[in-house]
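Biologist: Before planning anything at the bench, I would like to go through this model with you, one question at a time. Could you put it up for both of us?

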Amino acid sequence: MNRFIIQGMKMIHSNYKSSPLPIGIEVFGVDLKRQLDQVTVERIKEDVTKHRLVVFRNQGVVDGHRQVEISKWFGEIDNVSYAKHPMSPNIDIFRVSNDPVQGCTGVGITGWHIDGTFRSEPYSHSIYHMVSVAKSGGDTMFIPLTQVVESFSPEQREFLNHVWMLSDRCSHLCHPLIYPHPLTGRPTMCFHQGMTSGFVRDYDPTSGKLDLLNEEENKSVISAIQSAIESVTVYSHKWLETGDFILSDNLAVGHRAGSIPSSVETAGLRILHRVTVAGKTSPCKNTLQKQDCCY
Ligand SMILES: [Fe+2]
């Protein structure tokens, strides 16, 4: 897309191009540090929904204020109290590092997940910017959740369609494991391999009664998810020093952090800024765009 757009007396040039990645697209011709015309913003938002992951490279350092501003294209920001660090440039920035002086450590390494499963409405989008790139390791890996669901056998799908995940956080929320994405209707998953205390059969939000799966059933759920994940394409994003910025549809892709030596001397300093956008719906088995449907 190469076009000129006249808005009032101002002519805006947008040179928006994209190329496919194993999951998502990389977009060229956009400087995120500058204010963008509304047509370009809408195009980016459409591409995030359509492709699930939109990567921008060579952005330099995008300051915290601008990262939050970009994140607000998708909705209100949801920051959580545990995710505060004194070195964070902004209350809405979750600053992650391999150095505890610089940011919160040990984040995202407990397994594949989406962000915010401890919320009744998990985050709709996660927005990432790497401020300091490690010399080795520290990739972020993404998987397409629709493909994970579609790789279950018919028997597994029948079983898992009745399974709900139970968050291990204080809220102990219960979410359907498989449900339609609220915007696209494609089957997706609400799951967190590191923050789940168990699984429940056919949870009824009205009664709140928990019919917990037994140990053997729990194991079969965990095993089915892991096998399905191992059968789909994984996009391992190698962060570059020149400034990478990623917009992700948090409900459509799972992710996890790749390994990185904790020693800053060995691996170099890694600092990632993440912003999360408040979800608009609870994961719901059957309904698209319906607010407050399950809780
Ligand atoms: Fe995460």
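Modeller: The questions below deal with the metal site, the pocket, one tyrosine and the cores of this predicted model.

Biologist: Which residues coordinate the iron ion?

Modeller: The spacing of the donor residues along the sequence is H-x1-D-x139-H. At 2.2 Å, the iron ion is coordinated through NE2 of one histidine, OD of an aspartate and NE2 of another histidine, and these residues are His113, Asp115 and His255.

Biologist: How many residues apart in sequence are the parts that His113 and His255 tie together?

Modeller: Both of these histidines are buried. His113 belongs to the loop between β6 (94–97) and β7 (125–132), whereas His255 sits in strand β16 (residues 253–257), so the pair ties together parts whose separation in sequence is 142 residues.

Biologist: Which element gives the largest share of the lining of the largest pocket?

Modeller: The largest pocket, with a volume of about 470 Å³, is lined by 27 residues, and Phe94, Val107, Gly108, His113 and Arg274 are the ones nearest its centre. By type, the lining divides into 12 nonpolar, 10 polar and 5 charged residues. Two or more lining residues come from each of β6, β16 and β17 (271–277), and the largest share, 3 residues, is that of β16.

Biologist: Is Tyr123 buried or exposed?

Modeller: Tyr123 is found in the loop between β6 and β7. Leaving out residues up to four places away in sequence, Tyr123 touches a set of residues that includes the iron donor Asp115 as well as Arg274, Thr276 and Val277. The cut-off for a buried residue is under 20% relative accessible area, and because the value for Tyr123 is 1%, this residue is buried.

Biologist: Which element gives the most residues to the largest nonpolar core?

Modeller: This core has 25 residues, of which Val148, Phe152, Leu177, Met189 and Phe191 touch the most other members. At least two core residues are supplied by each of α3 (145–150), β9 (163–167), β11 (178–180) and α5 (215–231). With 5 residues, the element that gives the most is α5.

Biologist: Where does Phe191 make its contacts, and which residue of α5 (215–231) has the highest number among them?

Modeller: Neighbours within four places in sequence are set aside here, and the contacts of Phe191 then include Trp112, Ile143, Leu145, Met165 and Leu177. The iron donor His113 is also in contact with Phe191. From α5 (215–231), the contacts of Phe191 include Ile225 and, with the highest number, Ile229.

Technical notes: Residues are numbered from 1 along each chain as its sequence is written. This is a predicted model: local features need pLDDT of at least 70, side-chain atom pairs count only at pLDDT 80 or more; totals for chains, interfaces and linings use all residues. Side-chain values use heavy atoms; hydrogens and water are left out. A nonpolar core is a set of buried Ala, Val, Leu, Ile, Met, Phe, Trp, Tyr and Cys residues joined through side-chain atoms within 4.5 Å. Buried means under 20% relative accessible area, exposed over 50%, partly exposed in between (1.4 Å probe, protein chains only). Helices (H or I, at least four residues) and strands (E, at least two) are DSSP runs, numbered from the N terminus. Contact means heavy atoms within 4.5 Å. Donors are N, O and S atoms within 2.8 Å of the metal (3.2 Å for Na, K and Ca); water is not among the atoms, so sites may look incomplete. On a 1 Å grid over the protein atoms alone, a cavity is a set of points where a 1.4 Å probe fits but cannot get out, and a pocket is an open set with protein on both sides within 12 Å along at least five of seven lines; lining residues have an atom within 4 Å of a point. Grid points are joined across faces, edges and corners, and a volume is the space filled by probe spheres set on the points. Ala, Val, Leu, Ile, Met, Phe, Trp, Tyr, Cys and Pro count as nonpolar, Asp, Glu, Lys and Arg as charged, and the others, Gly among them, as polar.
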